[in-house]
Amino acid sequence: MVVLEFLIFFIAFLVFKYFWDNRKFFNLARKIPKSNLDYSFLTLYSFLTADTKTIFEVFDKSFKNKKVCSKSWIGPLFFVGVVEPEDVKIILNSKECIDKPFFMKFLGVLKGTIYGDIKYWHSHRKIINPYFGAKNLLNIIPIFNEKVKTLMDNLQTFEDKGEYDVFHSMSALTLETIMNVMEYDVDIQNQKSEVRSAFVENLERYFDIVTIRCFKIWLYPDFIFRHTKMYKDQLTSISKSSLKFTKHIINHIRQQLTVKNDSNQNEKSKTFIRALMDPRNNLSEVEIEDEVKTMIFTAQDTSSTVTSTALMLLGMHKDVQQKVVKELHGIFGKTLDAPYLDYEKISELHYLEMVINEIMRLFPVVPFILRTNSTDLEISNGCILPAKTNIVIPMFELHRSTKIWGEDANHFRPERFEKENFENIHPYAFIPFTKGPRMCVGWRYAMLLMKIQLANILLRYEVDTRLKMDELDFKFNGTMKICQGYKMSIKERVIS
Ligand code: HEM
């Protein structure tokens with residue numbers, strides 16, 4: 001009895017101490033307006049059976065139509081959604097908001113540049129940055145053209161065959177391309193479609209698991225998680241996904257470095273993978289592996305989602321497809337086969353760029369940006385976000401805000417990116433690659449590849465789909481995907 005009384009007293013003391021020690025945090029948190037979803041433990045319960053579709057819906061609903069900022073307690077996790085572009089600008093550029101919430105460490109294999117702590121991130125980003133600059137990418141454009149040609153050969157299989165999910169072809173292209181950029185020549189696009197799908201589906205499964213874990217706080221301790229089926233599934237999926245190539249890539253480069261003894265090669269001709277492995281950069285084997293995995297994931301999943309969505313949306317909006325083709329014919333002539341696209345030609349594709357931007361506005365690949373602040377942060381409505389808040393920038397909401405984009409915010413209208421329309425929009429209202437020091441490393445890479453890809457496909461094929469925009473549902477597993485898949489049909493374009 002005495003022991004029980006002591007235990008109750010001790011627990012009560014710990015709870016009291018926790019609230020007393022954090023009283024400043026709770027006082028500031030109390031003053032922040034509620035989001036649509038501030039039910040605390042009830043919300044946590046709703047995540048109990050959550051799948052990646054529910055997670056997207058709950059998060060999206062939470063910050064919908066909210067002004068400036070709003071808070072949400074998901075169990076003990078405190079989130080504040082910030083939707084005012086001026087505040088978004090402050091957060092994305094503040095040295096105090098560079099870090100990401102601790103639970104993002106569950107994205108495990110990606111703890112390289114994306115999820116490492118500040119010190120780790122800073123040193124790695126410094127190594128990688130130069131290799132994704134405009135000048136260096138000029139060396140990569142021939143690889144993009146070559147890989148897209150293979151894609152075009154493979155797409156012939158689907159000509160006039162009815163609807164199919166284009167995502168697997170697109171991600172095979174992006175995977176093969178990034179491997180090649182990392183000097184590893186592997187033939188993925190020509191593999192049997194089941195093999196290609198296995199890479200993609202296992203990667204998806206891996207990210208389903210880590211996303212769901214982020215929202216199930218009872219699975220946070222590793223010693224509990226390791227005893228679950230999810231953990232075993234996670235290990236299986238990683239060993240079967242595209243990430244399994246990591247070790248092959250590193251060993252391949254190591255062999256080359258030994259054979260040619262070229263660790264002192266000219267800095268200009270060095271690829272980023274060699275930079276990672278340069279002993280002067282002092283990265284451990286695990287750090288190199290994590291960085292290679294990060295690149296495989298970010299390069300494969302992101303731009304293939306955007307191009308698949310773009311093709312589907314162009315299938316739904318034939319008038320826009322026609323305008324893209326008109327631009328392509330104006331530049332390349334009335335041809336079915338695109339010539340080699342060099343940097344100058346790619347830069348002429350203005351309307352296509354507006355289409356890609358409009359796709360990334362309506363369907364942002366990363367729909368929620370997460371940060372955490374190391375010090376208290378005052379925002380435009382006078383609210384103070386206490387240090388260690390999990391700050392959410394709900395990009396999906398920001399990009400579809402009627403206040404910013406007008407009443408037709410949910411409509412597909414690439415013309416809103418015409419110079420005279422877009423210059424009236426706040427620069428931080430459209431952030432598909434985010435902005436500031438943690439802006440996407442690969443944004444130029446992605447834009448170049450996506451343009452080459454779409455120009456080739458749309459010159460040769462007329463794309464169609466039976467799906468309608470208002471029928472689409474979304475899920476979130478590290479990136480945002482369309483639940484219905486990316487189903488479309490292709491037939492050779494008739495040139496009039
Ligand atoms: C359409 C394609 C892409 C989109 C929309 C996109 C979007 C993003 C976004 C929104 C972030 C910031 C995430 C955050 O702040 O939490 C990010 C980060 C990153 N992206 Fe991309 N990305 C794309 C393609 C790529 C490609 C092709 C690569 C590499 C080849 C890449 C590499 C990275 C890396 C390494 C980071 C981490 C940057 C850091 O934290 O410093 N991305 N990307």
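How many bridges join strand 8 to strand 11, and in which sense do the two strands run? The tour reaches that pair at a later stop. What is open in the viewer is a predicted model.

**Stop 1: the whole chain**

Start with everything selected. The secondary structure of the protein comes to 22 helices and eleven strands. Along the principal axes, the C-alpha atoms fill a box of roughly 85 × 60 × 40 Å. A compact globule of 496 residues would have a radius of gyration near 23 Å, and the 24 Å found for the protein agrees with that. Colour by burial next: 40% of the 496 residues count as buried. If contacts are drawn between residues at least 6 apart in sequence, 77% of them join residues at least 24 apart.

**Stop 2: residues 6–21**

Select residues 6–21, where UniProt, in an unreviewed entry, places the feature "transmembrane region". In the model this span is 100% helix and 0% strand. The C-alpha atoms at its two ends lie 22 Å apart.

**Stop 3: the ligand shell**

Select the ligand and the 24 residues around it. Which of them come nearest? They are Thr 298, Thr 302, Cys 440, Gly 442 and Ala 446. Now show the helices that line this site. Helix 6 (118–128), helix 15 (285–316) and helix 22 (443–460) each supply at least two residues of the shell. Helix 15 gives the largest share, with seven residues. Coloured by residue class, the shell divides into 15 nonpolar, seven polar and two charged residues.

**Stop 4: the hairpin of strands 1 and 2**

Select residues 69–74, which are strand 1, and display strand 2 beside them; the two pair in the antiparallel sense over six bridges. One bridge to pick out links Ser 72 to Phe 79 in strand 2. The two strands form a hairpin with two residues between them. Click on Gly 75 in the turn: its phi is positive, at about 60°.

Stay on strand 2 for its surroundings. Five of its six residues are buried, so the strand is mostly covered, given that a residue counts as buried with 20 or more other C-beta atoms within 10 Å of its own.

**Stop 5: strand 7 and its two partners**

Move to strand 7, residues 390–394, where five of five residues are buried. Side chains in a regular strand alternate between the two faces of the sheet. Here Asn 390, Val 392 and Pro 394 point one way, while Ile 391 and Ile 393 point the other way.

Strand 2 (residues 77–82) pairs with strand 7 in the parallel sense, over three bridges. Label Val 80 and Ile 391, which stand opposite each other across this pair. Gly 81 also has a bridge partner in strand 7, namely Val 392.

Then add strand 4 (residues 368–372), which pairs with strand 7 in the antiparallel sense over five bridges. In that pairing Thr 372 stands opposite Asn 390.

**Stop 6: the sheet 3-11-8**

Select strands 3, 11 and 8, which form an open sheet in that order with antiparallel pairing. Strand 3 (164–165) and strand 8 (461–464) stand at the edges, and each has a single partner strand, so one side of each is left without a neighbour in the sheet.

This stop settles the opening question. Strand 8 and strand 11 (residues 487–492) are joined by four bridges and run antiparallel. Across them, Val 463 stands opposite Ile 490 in strand 11.

**Stop 7: two single residues**

Finish with two single residues. Is Glu 176 buried or exposed? Glu 176 sits in helix 9 (residues 167–181). Because 26 C-beta neighbours lie inside 10 Å, Glu 176 counts as buried. Leaving out residues up to four places away in sequence, Glu 176 touches Lys 147, Val 186, Ile 188 and Gln 189. Val 186 is ten residues from Glu 176 along the chain, and their C-alpha atoms are separated by 6.6 Å.

Last, select Lys 216, in the loop between helix 10 (193–214) and helix 11 (222–225). Lys 216 counts as partly exposed because 17 C-beta neighbours lie inside 10 Å. Draw a distance from the C-alpha atom of Lys 216 to that of Gly 75: it reads 9.4 Å, although the two residues are 141 apart along the chain. Gly 75 is the turn residue of the hairpin seen at Stop 4.

Terms used: Residues are numbered from 1 along each chain as its sequence is written. This is a predicted model: local features need pLDDT of at least 70, side-chain atom pairs count only at pLDDT 80 or more; totals for chains, interfaces and linings use all residues. The radius of gyration is taken over C-alpha atoms; the globule rule is 2.2 Å times the number of residues to the power 0.38. A residue is buried if 20 or more other C-beta atoms lie within 10 Å of its own, exposed if 12 or fewer, and partly exposed in between; C-beta atoms are placed from the backbone. Two residues are in contact if their C-beta atoms, placed from the backbone, lie within 7 Å. UniProt positions are given in the numbering used here, feature names are shortened, and annotations may be inferred rather than shown by experiment. A residue is near a molecule or strand if its C-beta atom, placed from the backbone, lies within 6 Å of it. Ala, Val, Leu, Ile, Met, Phe, Trp, Tyr, Cys and Pro count as nonpolar, Asp, Glu, Lys and Arg as charged, and the others, Gly among them, as polar. Two strands pair if DSSP finds at least two bridges between them.
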